[in-house]
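This report describes one protein chain, moving from its overall build to its sheets and then to selected residues in its loops and helices. The sequence and the structure are shown first.

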Amino acid sequence: MSEIKALRSIINNSLDILEDELLAAGLPDLWVAKPQMHPLDKPDYLQTPRLFEARRVILGACRMLAAAVQPPTEKIIEEGWAHQRSQALKMATDYNVAGVLADPSVDPEEGIDATVLANRFGLSPDPFKREMRMLASHHYFREVAEGRFANNRVSMSLIPPYAAPYAIRYVAGWGLTVAHRVVDALRADQPRTAAQLAFNFDTDQFAFLEKNPKYLEIFTSAMTGCYEIAAVGLVTDFPWKNLPKGTTVVDIGGGEGGLAMSIAKAHPHLQLIDQDRPEVEEAAHRMWKTHTPEIYNEGRIKFQSYNFFTPQPLKGEGIIYVMRCIIHDWPHDECVAILSALKGALNPSSRLLIVEHVIYPPVMPKEKTPLLLGFMDNSKPYAELATPWPLPNGPQVIELTHDIEMFCNFKAKERTPAEWDELLGEVGMKVVKIWPTRSEFSIVEISLA
Ligand SMILES: C[S@@+](CC[C@H](N)C(=O)[O-])C[C@H]1O[C@@H](n2cnc3c(N)ncnc32)[C@H](O)[C@@H]1O
């Protein structure tokens, strides 16, 4: 079978399954044009395993189909211009264009003339119209009549509290400036990170952000938004519910406690301890008091100032350790130091859960693996489907881009399963199981070797 025929069949079959799953859940078909979010867009909507996998496979197959259909030079030029798209999204976010278009006084089908919008924002009308037009050509807004723009489902996600505007502020601001120096940072004799080169600092990035509250705020709110979307998968697709009552989850480098809070809400039988730098503690107390006063007042969450380069003070039975997005922020030697500082606290039955983007090299299967989506069972725990031929492993566009981002910011990385084995082997630990979740993150369950 040719690649393109296989892709057509994968897309058709997966679309049928997507439709069945939506019907079974009593949900309407997906759309682009209508300026409303779909129920699936709610950050806490838990998709069935079949629905989650159907969407993942369709996206992967559509990307590959486009690569087959589009002339290669055109694809490269189009994607090389991604910075224009990202800056146009930044402009739309900075001026809250979607929010203005969503005002109840605006007819959602008629939209607003670009000149009226531009005058309101103090922007030049003609280039503003052209920026909006470029965004509309990528389905970020609609051009409903020449020069008139309206929201669609995609642009509605640019309105807070959705995560997208926070992510764009980070990606298209800090991220773009840093990416500009990535080629310099790749040089074998270059000791500085792309971020250090771009912003001219020599400390670690957390220390730099601490001294630059503007960037710290952008960084923190982007992370919070992305974590929020992942929470429902993370609290469902690991068997937290089977942990004995009273087990203490120690969230090492837990920040303000976003992950601990999701676990505490979903699993009332667990106790939580958030360990982080002393600078974070005040904000963490504030966040828990505001968002979950009952858990805070019950004392089910505790805070501990702790430097994760020093020996872990909490040890014994009934403890499970968690690190989310910690190891991927540090170069290799520091990763070894952080894990070694924990090791002394572990006994043979202890578990460490590392929550990160586990990456899978996008290798194309050699054998003609079929699409097994039709056999997936929603009543079973979530397990990732093997991607069918000709799709490469994945598709993990977001995860693999994060990997580069970690290099740019920290000379650090996301890891493949083999790289996890290697790192953990160095410190006398091993992978027990990698739990994929219905989110961009996996949970790597680790014990002493
Ligand atoms: C990317 S954030 C992840 C936060 C949290 N784990 C989450 O997933 O929401 C990294 C965290 O590591 C913390 N951190 C950095 N250096 C640390 C250290 N030496 N000891 C303890 N925490 C540290 C930072 O304060 C920050 O909260």
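The domain bounds used here come from an automatic or database domain assignment. On that basis the protein, which is a predicted model, is divided into domain 1, covering residues 81–156, and domain 2, made of the two segments 214–360 and 396–448. The centres of domain 1 and domain 2, taken over C-alpha atoms, are separated by 38 Å.

**Overall build**

The protein contains 19 helices and 10 strands. Its radius of gyration is 23 Å, which is close to the 22 Å that the globule rule gives for 449 residues, so the protein is as compact as a globular protein of that length. Measures of extent and of packing can be set beside this value. The C-alpha trace spans about 65 × 55 × 55 Å along its principal axes, and 35% of the 449 residues count as buried. Among the contacts between residues at least 6 apart in sequence, 69% join residues that are at least 24 apart.

**The open sheet**

An open sheet of 3 strands, paired in the antiparallel sense, has the order E1-E3-E2. Strand E1 (112–113) and strand E2 (142–145) stand at the edges of this sheet with a single partner strand each, so one side of each is left without a neighbour in the sheet. E2 is joined to strand E3, residues 148–150, by 3 bridges, and E2 and E3 run antiparallel. Within this part of the sheet, Glu143 is placed opposite Phe149 of E3.

**The parallel strands and their crossover**

A further group of strands involves E4, E5 and E6, where the pairing is parallel both between E4 and E5 and between E5 and E6. Strand E4, residues 248–252, is connected to E5 by 5 bridges, and Val249 stands opposite Leu272 in E5. On E5 itself, which comprises residues 271–276, 5 of the 6 residues are buried, so that the strand is mostly covered. The pairing between E5 and strand E6, residues 301–305, likewise extends over 5 bridges, with Gln275 facing Gln304 of E6. How does the chain pass from E4 to E5, and in which hand? E4, helix H14 (residues 258–266) and E5 form a β-α-β unit, and this unit is right-handed.

The strand pairs for which bridges are given can be listed together.

| Strand pair | Sense | Bridges | Opposite residues |
|---|---|---|---|
| E2 and E3 | antiparallel | 3 bridges | Glu143 and Phe149 |
| E4 and E5 | parallel | 5 bridges | Val249 and Leu272 |
| E5 and E6 | parallel | 5 bridges | Gln275 and Gln304 |

**An annotated span**

According to the UniProt annotation, which belongs to an unreviewed entry, residues 203–359 are covered by the feature "domain: O-methyltransferase C-terminal". In the model this span is 46% helix and 18% strand, and its end C-alpha atoms lie 28 Å apart.

**Cis peptide bonds and positive phi angles**

Pro160 and Pro161 are joined by a cis peptide bond with omega of about 10°, and Pro161 is located in the loop between helix H8 (153–156) and helix H9 (164–179). The peptide bond from Trp389 to Pro390 is also cis, with omega near 5°; Pro390 belongs to the loop between strand E8 (351–356) and helix H18 (397–410).

Although His139 is not a glycine, its phi is positive, at about 70°. His139 sits in the loop between helix H7 (125–137) and E2, and because it has 13 C-beta neighbours inside 10 Å, His139 counts as partly exposed. Lys411, which is not a glycine either, has a positive phi of about 50° and lies in the loop between H18 and helix H19 (417–426). Is Lys411 buried or partly exposed? With 19 C-beta neighbours inside 10 Å, Lys411 counts as partly exposed, because a buried residue needs 20 or more.

**Ser340**

Ser340 belongs to helix H17, residues 332–343, and is partly exposed, with 15 other C-beta atoms within 10 Å. Ser340 and Asp202 are 138 residues apart along the chain, and their C-alpha atoms are separated by 25 Å.

Notes:
Residues numbered from 1 in each chain as written. Predicted model: local features only at pLDDT ≥ 70, side-chain atom pairs only at ≥ 80, totals over all residues. Helix = DSSP H or I, 4+ residues; strand = E, 2+ residues; numbered from the N terminus. Rg over C-alpha atoms; globule rule 2.2 N^0.38 Å. Buried ≥ 20, exposed ≤ 12 C-beta atoms within 10 Å, placed from the backbone. Contact = placed C-beta atoms within 7 Å. Pairing = 2+ DSSP bridges. Right-handed = clockwise from strand over helix to strand, strands pointing away. UniProt positions renumbered as here; feature names shortened; annotations may be inferred.
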